[in-house]
Amino acid sequence: MTVKIAEITFECEGREEKYFVLYPSPEPPESPASWMILDSDGGAVSLDGYIDDLRDELPDEFVDALAGAARAAVAKDAGVPLRERRSVPGTSALEWAEDLGWLALIGEDDPILPDTPVWFPGSLPAARREQAAGGDIRRAMLLLADCVRQEEAEPLLPGAPAPPGGTVVTAAELAAVE
């Protein structure tokens, strides 16, 4: 699973509107939502299953266009991995995404994604590896975030090489172990 972000634009009442859609690809079967809409500042606006709640505040035409643009982007698997546009989502969007099981937060704005490489100076302790095994990517991300918070490991920046020695793992790799 990769968490992706795509810019979506649509026209409503003669104005071009810009938003973002954040979504897991492929969608995990246990996820309570397929996508999340973010405003142009990166704040969480709505989840796919709650989009109609916006109709109390916004015109139906606007909500329909916003939801249609989000659905189309997700259907096309549009956008880029979140790690490439990490500056877009604000704190509220990251917290919602963590609640949905799409990522795990280390700090307020610092996520561990399924594909975030995490470096352990020695090796990942066997007990930790066993805790993360079994196909539950959410559990694996939370475990890696906990290891980082306890200073047992550190996340690597995209494209950054790992320091010499040690072990590099991702939550996706850990969860894939049966």
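Helix α4 has a buried set made up of Ile-137, Ala-140, Met-141, Leu-143, Leu-144, Ala-145, Cys-147 and Val-148. Keep in mind that this is a predicted model. The predictor's confidence, pLDDT, averages 89 over the protein, and 99% of the residues score at least 70. Below, we start with α4 and the sheet it lies across, then move to the 5-stranded sheet, and end with some unusual backbone spots.

**Helix α4, up close**

- Start with the length check: α4 covers residues 137-149, which is 13 residues, and at 1.5 Å a residue it should span 18 Å. Its end C-alpha atoms are 18 Å apart, so the model agrees with the expected span.
- Look at the N-terminal end of α4 and you'll find Asp-136 acting as a cap. One of the side-chain oxygens of Asp-136 lies 3.1 Å from the backbone nitrogen of Arg-138.
- Now go back to that buried set, which includes Ile-137, Ala-140, Leu-144 and Val-148. Here is a handy rule for reading such a list: an α-helix has 3.6 residues a turn, so residues three or four places apart point the same way.
- Just after α4 comes Glu-151, with a positive phi near 60°.

**The sheet that α4 lies across**

- Which strands does α4 lie across? They are β8, β9 and β10, and the helix runs at about 55° to β8.
- Those 3 strands form an open, antiparallel sheet in the order β9-β8-β10.
- β9 and β10 (167-169) are the edge strands: each has a single partner, so one side of each is left without a neighbour in the sheet.
- Strand β8 (residues 118-120) and β9 run antiparallel and are joined by 2 bridges. If you want a place to look, Val-118 stands opposite Pro-155 in β9.

**The 5-stranded sheet**

- In what order do the 5 strands of the other open sheet sit? Reading across, it goes β4-β3-β2-β1-β5, with antiparallel pairing.
- At the edges are β4 (44-47) and β5 (80-81), and each has a single partner strand, so one side of each has no neighbour in the sheet.
- Strand β1 (residues 2-12) pairs with β5 over 2 bridges, in the antiparallel sense. Here Lys-4 stands opposite Pro-81 in β5.
- Helix α1 (residues 60-75) packs on this sheet and touches β1, β2 (15-25) and β3 (36-38). The direction of α1 makes about 140° with that of β1.
- Helix α2 (residues 91-99) lies across β2, β3 and β4, and runs at about 30° to β4.
- On the other side of β1 in the strand order is β2, and β1 and β2 pair over 11 bridges in the antiparallel sense. Glu-7 stands opposite Phe-20 in β2.
- β1 and β2 also form a hairpin, with 2 residues between them.

**Backbone spots worth a second look**

- A bit of background first: most residues other than glycine have a negative phi, and most peptide bonds are trans.
- Glu-13 isn't a glycine, yet it has a positive phi of about 55°. You'll find Glu-13 in the loop between β1 and β2.
- Is Glu-13 buried or exposed? It counts as exposed because its relative accessibility is 63%, and the cut-off for exposed is over 50%.
- Glu-151 is another residue other than glycine with a positive phi. Glu-151 sits in the loop between α4 and β9 (154-155), and it is exposed, with a relative accessible area of 72%.
- Which peptide bond is cis, with omega near -5°? It's the one from Ser-25 to Pro-26. Ser-25 is found in strand β2, while Pro-26 lies in the loop between β2 and β3.
- Ser-25 is buried, with a relative accessible area of 18%. The side chain of Ser-25 makes a polar contact with the side chain of Asp-77, at 2.8 Å.
- Not counting residues up to four places away in sequence, Ser-25 touches Met-1, Thr-2, Lys-4 and Asp-77.

**Where the predictor is more or less sure**

- Among the protein's elements, β3 has the highest mean pLDDT, 96.
- At the other end is helix α3 (residues 126-132), which has the lowest mean pLDDT of the elements, 74.

Note on methods
Residues numbered from 1 in each chain as written. Predicted model: local features only at pLDDT ≥ 70, side-chain atom pairs only at ≥ 80, totals over all residues. Heavy atoms only, no water. Pairing = 2+ DSSP bridges. Helix = DSSP H or I, 4+ residues; strand = E, 2+ residues; numbered from the N terminus. Contact = heavy atoms within 4.5 Å. Axes fitted to C-alpha atoms, helices over the stretch in contact; angles between N-to-C directions. pLDDT = per-residue confidence, 0-100. Expected span 1.5 Å × (residues − 1). Buried < 20%, exposed > 50% of the residue type's maximum accessible area, 1.4 Å probe, protein only. Polar contact = N/O pair within 3.5 Å; in protein donor to acceptor, adjacent residues only side chain to side chain.
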